[in-house]
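Colleague: Got a minute to walk me through this one? I'd like to go from one residue outwards.

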Amino acid sequence: MKPLPGFRDFLPNDYARRDYITSHWRDAARRFGFVEFDGPMLESAELYEKKNSGGEILTQLYQFHDRGDRPVALRPEMTPTLARMVGMHHRTFAKPLRWFSIGNCFRYERQQRGRLREFLQFNCDLLGERSPAADAEVITLLIHLLKSFGFGPKDFVIRLSDRLVWQHFLEQHGIPSDKMTELLAIIDKIEREPEERTKEKLAACSSVLSLRRIHEFMSNPEDSALAPLLSELSSRGVREYVQPDLSIVRGLAYYTGIVFEAFALHGGLRAIAGGGRYDNLIYHLSDGAASLPAVGFGMGDAVLLEFLKSVPLAASQEEKYINAQRPCQIYLIIADETYRNETVALASELREKGWRILFSLSPERVGKQFGAAQDAGATLAIVIGAEWPVMKVKQLSTREETEMSRDALFQRLDSLFHA
Ligand code: HAM
């Protein structure tokens, strides 16, 4: 039986790739002083209602009633959980908070490349700070992270916009504030939907706003609103990766200011990451008990896996990491079964010292054991036989062989390994 569509099994090789990604996520977040948190995967369905996540996500919820008849949902994203937690506990923490998380999220999505129904999402959020410096820190973190995977300015771009700029534009056209979210959702989809469909939706929403007028506005990005942030990004040395672009408005309802998305410049992939400022969500979710400005982004593992495959430098860096994680450093070869007990005891001692050790569990030809050592990626093979307690230590890459006693082995193991 296969897993459900959009869900994945992780065989050891797939898990190694996932580990590669999560280790980079953690490194980048920690470099910027972020600390890790987690929350429940199942939440009250109410948490994702219209004024919170809103938008398309509501139609993609894995939603059901639990045995106590509570309406619940598997989390489709982390931000509402984070906002709920911070609303409850923020008094215990010095501001600003810099929190990151790595957790599974669930969306009943239409199948496409890099979009799944269960995925791993990395989130970085900075809470309790309103200045553009906070926005810049979060965006710079995202750029450093992508660079650490081996991607450069020819591979990706961060498209940056500001919902306030759109809000002013819509206000100028007499759009009432309760229509704002609906219009932003239409604008968010302009690139992905047929023009006719967009025109129909626009006409149903507003009699004054035409698609032509929206295109005109987008093609003249009035980026003065973004100037302070762009200058912060220049100081951090990452300005070349950022492109002001008003076509980015983001599908989620809670964004209140800047919004951004990271895109691959080749391969026709969907966004690699997306985020923005959401200054009212914590207030809403805590019924006014707490109010904290916030900015952050989320990144899924699925698009990233596709993107890693498509850039040779990034792919070779990944392969190197995965090779270094192989299951065995030293393979003990039993050339004479009389010495099996001695070998097993030696394995235990070496493992206690922290080495990754394998040996064959039943009698095998020596040639076959060498083959198994190669397959497991061992650096050294140690042959134990009639000369015990003297052993043959062989570097598998160079075939170089040295005879040594047990004591000498323990003294020299570190240096042998780094030879
Ligand atoms: P989002 O744009 O919905 O934003 O998702 C962020 C990223 O999660 C996407 O760019 C993509 O990499 C990944 N992602 C989303 N849906 C899927 C899917 N079905 N399959 C695979 N990957 C997916 C949010 O979720 C916001 N909560 C981000 C945020 C954090 N904003 C502020 N803080």
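**Starting from one residue**

Modeller: Sure. Ile 214 counts as buried, because its relative accessibility is 0%. Bear in mind that this is a predicted model.

Colleague: OK, and where is Ile 214 found?

Modeller: Ile 214 sits in helix 7, which covers residues 211–219.

Colleague: Which residues does Ile 214 touch, leaving out those up to four places away in sequence?

Modeller: Trp 166, Phe 169, Ile 187, Ile 190, Leu 202 and Leu 209. As a general point, nonpolar side chains tend to be buried together in soluble globular proteins.

Colleague: And how far apart are Ile 214 and Ser 247?

Modeller: In sequence they are 33 residues apart, and in space 9.4 Å, going C-alpha to C-alpha.

Colleague: Switching to the cores. Which residues touch the most other members of the largest nonpolar core?

Modeller: That core has 51 residues, and the ones touching the most other members are Trp 25, Phe 122, Ile 139, Phe 151, Phe 297, Met 299 and Leu 304. Helix 3, residues 132–148, gives the most to this core, with 9 residues. There's also a second, separate core of 29 residues, which includes Ile 57, Met 85, Ala 271 and Ile 282.

Colleague: Back to Phe 151: what does it touch, again not counting residues up to four places away?

Modeller: Phe 151 touches Leu 146, Phe 156, Leu 304, Phe 307, Leu 308, Val 311 and Ala 314.

Colleague: Now the ligand. How many residues surround it?

Modeller: There are 27 around the ligand, and the closest are Glu 77, Thr 79, Leu 116, Asp 125 and Tyr 255.

Colleague: What about polar backbone atoms, say those of Ile 272, Phe 297 and Gly 300?

Modeller: A polar backbone atom of Ile 272 is 2.9 Å from an oxygen atom of the ligand. For Gly 300, a polar backbone atom is likewise 2.9 Å from a ligand oxygen. With Phe 297, a nitrogen atom of the ligand is 3.5 Å from a polar backbone atom.

Colleague: How much of the ligand does the protein bury?

Modeller: 96% of the 650 Å² that the ligand exposes when taken alone. Strand 6 (118–127), strand 10 (273–277) and strand 11 (294–300) are the elements that give two or more residues to the shell around it.

Colleague: Which of them gives the most to that shell?

Modeller: Strand 11, with 5 residues.

Colleague: Last thing: what does the domain assignment give?

Modeller: Domain 1 is 12–320 and domain 2 is 327–417, according to that assignment. Taken over C-alpha atoms, the centres of domain 1 and domain 2 are 51 Å apart.

Definitions and conventions. Residues numbered from 1 in each chain as written. Predicted model: local features only at pLDDT ≥ 70, side-chain atom pairs only at ≥ 80, totals over all residues. Heavy atoms only, no water. Core = buried A, V, L, I, M, F, W, Y, C linked by side-chain atoms within 4.5 Å. Buried < 20%, exposed > 50% of the residue type's maximum accessible area, 1.4 Å probe, protein only. Helix = DSSP H or I, 4+ residues; strand = E, 2+ residues; numbered from the N terminus. Contact = heavy atoms within 4.5 Å. Domains from an automatic or database assignment. Near = heavy atom within 4 Å. Polar contact = N/O pair within 3.5 Å; in protein donor to acceptor, adjacent residues only side chain to side chain. Areas by Shrake-Rupley, 256 points an atom, 1.4 Å probe, with all protein chains shown as cover.
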